[in-house]
Amino acid sequence: MDFESQCTATIASVVREYADMVYRLAFAQVRSKSDADDIFQEVFLRYVRNNPAFVSEEHRKAWLIRVTINCAKKYWSSAWQRNTVPLDDNYRFLMPEENELDEVLRKLAPKYRSVIHLYYYEGYSISEIGKILSIKESTVRTQLTRARTQLSNMLKGEI
């Protein structure tokens, strides 16, 4: 196997390994399938272009999470996003509770969605989230508490 084939095989294995995580995080941030697809593509395009060196798989995973968050922030701050009205991507889940939760999560601010997703869906600790997002642990705790409070209030209001 030549060098180019090895690089292609490595990239393909990284995409297979982390595709679901990157897509879930992108979707959690933007709540739109088409925008999550764009972010997914941008993250792996940056991975291929930069070809970063990692000391461990955790380092690679954290890098992909950080880049996904940065791409989502870029999406939210783009002039295109600020001057458009999004089409409503209504995906129906099998369980009615999941539909309600999806609607409530859609209403949370992106910074709260990030900590909720990383804590509950990816299983990171508060200190790990702080390192990934480059924010203090106390900020993560505050954002997590505020997100839980907002979720609780919104879910109570819908019952």
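**Exercise 1. Surface and overall architecture**

What area does the protein chain expose, and what share of it do carbon and sulfur atoms supply? State also the secondary-structure content and the confidence of the model.

*Solution.*
1. The exposed area of the protein chain is about 10000 Å², and carbon and sulfur atoms supply 55% of it.
2. The structure is a predicted model, in which the protein chain has an average pLDDT of 85. A score of at least 70 is reached by 86% of the residues.
3. Confidence varies by element: the lowest mean pLDDT, 69, belongs to helix α4 (residues 79–82), and the highest, 93, to helix α2 (residues 33–50).
4. The protein chain contains eight helices and zero strands, giving the pattern α-α-α-α-α-α-α-α along the sequence.
5. Of the 159 residues, 36% are buried.
6. Among contacts with a separation of 6 or more, 62% join residues 24 or more positions apart.

**Exercise 2. Geometry and sidedness of α2**

Determine whether the span of α2 agrees or disagrees with its number of residues, and identify which residues of α2 are buried.

*Solution.*
1. The helix has 18 residues; at 1.5 Å a residue, α2 should span 26 Å. The expected span uses one less than the number of residues.
2. The end C-alpha atoms of α2 are 26 Å apart, so the span agrees with the expectation.
3. With buried meaning under 20% relative accessible area, the buried residues of α2 are Asp-35, Ala-36, Ile-39, Val-43, Phe-44 and Tyr-47.
4. These residues cover an arc of only 165 degrees around the axis, and therefore lie on the same side of α2.
5. The face turned away from that buried side carries the exposed residues Gln-41 and Arg-49.

**Exercise 3. Positive phi values outside glycine**

Compare Arg-31 and Asn-51: where does each lie, and is each buried or exposed?

*Solution.*
1. Arg-31 is not a glycine, yet its phi is positive, about 55 degrees. This residue lies in the loop between α1 (3–30) and α2.
2. The relative accessible area of Arg-31 is 9%, so Arg-31 is buried.
3. Asn-51 follows α2 and has a positive phi near 45 degrees. The loop between α2 and α3 (57–77) holds Asn-51.
4. The relative accessible area of Asn-51 is 57%; because the threshold for exposed is over 50%, Asn-51 is exposed.

**Exercise 4. The nonpolar core and a buried glutamine**

Describe the largest nonpolar core, then the surroundings of Leu-64 and Gln-29.

*Solution.*
1. The largest nonpolar core comprises 37 residues, and those with the most contacts inside it are Ile-39, Leu-64, Ile-65 and Leu-118.
2. At least two residues of this core come from each of α1, α2, α3, α5 (96–107), α6 (110–121), α7 (126–133) and α8 (137–158).
3. As general context, nonpolar side chains in soluble globular proteins tend to be buried together.
4. Leaving aside neighbours within four places in sequence, Leu-64 contacts Val-14, Tyr-18, Met-21, Val-22, Val-43, Phe-44 and Tyr-47. Among these partners, Val-43, Phe-44 and Tyr-47 are buried residues of α2.
5. Gln-29 belongs to helix α1. Its relative accessibility is 2%, so Gln-29 counts as buried.
6. Not counting residues up to four places away in sequence, Gln-29 touches Ile-69, Ala-72, Trp-76, Pro-110, Arg-113 and Ser-114.

Technical notes
Residues numbered from 1 in each chain as written. Predicted model: local features only at pLDDT ≥ 70, side-chain atom pairs only at ≥ 80, totals over all residues. Heavy atoms only, no water. pLDDT = per-residue confidence, 0-100. Helix = DSSP H or I, 4+ residues; strand = E, 2+ residues; numbered from the N terminus. Buried < 20%, exposed > 50% of the residue type's maximum accessible area, 1.4 Å probe, protein only. Arc of directions from axis to C-beta. Core = buried A, V, L, I, M, F, W, Y, C linked by side-chain atoms within 4.5 Å. Contact = heavy atoms within 4.5 Å. Areas by Shrake-Rupley, 256 points an atom, 1.4 Å probe, with all protein chains shown as cover.
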